Amino acid sequence: MISNKDFERELPWVIQKYPSLTIKSNDGCKYLKGILDIKSGDGVSYGSFAIEIYSSPQFPKRYPILYEVGGDIPCSIDYHKYHDNSLCLDVEANEIVRCRHGITVCEFIKEIAIPHLANQQHKKIHGNYVDEYRHGAQGIADFYAELFGTTDKDIWVKGMHSVLVGPKPGRNSLCYCGSDKKYKHCHYASEQKLTLIGRQKLFEDLKTLGII
């Protein structure tokens with residue numbers, strides 16, 4: 001467990017917004033424990049999960065750690081749940097981009113935790129997720145396919161090479177992907193996100209994907 005003052009400072013506001021959660025302490029580290037209700041758009045309860053939320057080492061530049069402790073989600077790669085009951089919520093590269101300005105605990109619960117648990121409930125009822133990255137290397141591939149708008153890994157490599165090695169295309173040059181669009185109207189935005197992800201993580205993902 002990690003003691004993080006930024007995380008702990010927010011907890012009194014979190015339990016005001018989510019009164020089914022309480023502040024607990026273990027070895028001097030504060031965390032959240034309780035029930036998160038999952039509701040449909042019209043406010044009808046869609047299910048509930050017993051959860052715990054702890055700070056991560058890099059919060060607020062990374063998500064807090066979410067545990068499902070009620071046993072409603074199987075500990076399985078197929079369910080994005082590890083044997084310590086923690087949930088795999090996102091591809092790390094996407095998490096880096098999402099948290100580039102920092103994330104609050106309330107934002108995390110509303111925008112990350114509840115949608116993820118709703119997706120778990122959807123899988124439980126219907127047998128499949130909705131728009132969920134797959135686990136491990138497949139999820140990394142899903143992320144970059146979405147980022148570049150193509151499954152063509154050669155395009156990913158060209159974009160990463162532009163960021164990691166350079167030179168970058170001129171904004172008014174034709175994009176390297178062959179779309180006949182100007183770079184500024186095509187993969188410029190994708191490369192801005194690659195820059196946020198950073199060199200080290202990009203190299204790690206290239207190795208994981210077997211590209212280098």
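I started with burial: 42% of the protein's 212 residues count as buried. I should jot down that I'm looking at a predicted model here.

Next I checked the outer surface. The protein exposes about 11,400 Å², and I see that carbon and sulfur atoms supply 50% of that area.

Then I looked up the overall extent. Along the principal axes, the C-alpha atoms fill a box of roughly 55 × 40 × 35 Å.

How many helices and strands does the protein have? I noted 7 helices and 4 strands. I also wrote down their order along the sequence, which runs α-β-β-β-β-α-α-α-α-α-α. So my reading goes from a helix to four strands in a row, and after that to helices up to the end of the pattern.

I zoomed in on the β1–β2 hairpin. Strand β1 covers residues 21–26 and strand β2 covers residues 29–39. In which sense do β1 and β2 pair? They are antiparallel, and I noted 6 bridges between them. One pair I looked up by name is Asn-26, whose bridge partner in β2 is Cys-29. The hairpin leaves 2 residues between the strands, and Asp-27 takes a positive phi there, near 55°.

On to contacts. I took those between residues at least 6 apart in sequence, and 49% of them join residues at least 24 apart.

My last check was charge. I have 27 positive and 26 negative charges in the notebook for this protein. How far apart are their mean positions? I wrote down 6 Å.

Key
Residues are numbered from 1 along each chain as its sequence is written. This is a predicted model: local features need pLDDT of at least 70, side-chain atom pairs count only at pLDDT 80 or more; totals for chains, interfaces and linings use all residues. Side-chain values use heavy atoms; hydrogens and water are left out. Buried means under 20% relative accessible area, exposed over 50%, partly exposed in between (1.4 Å probe, protein chains only). Contact means heavy atoms within 4.5 Å. Accessible areas come from the Shrake-Rupley method with a 1.4 Å probe; for residues, only the protein chains shown count as cover. Lys and Arg count as positive and Asp and Glu as negative; His and the chain ends are not counted. The place of a charge is taken as NZ of Lys, CZ of Arg, CG of Asp or CD of Glu. Two strands pair if DSSP finds at least two bridges between them.
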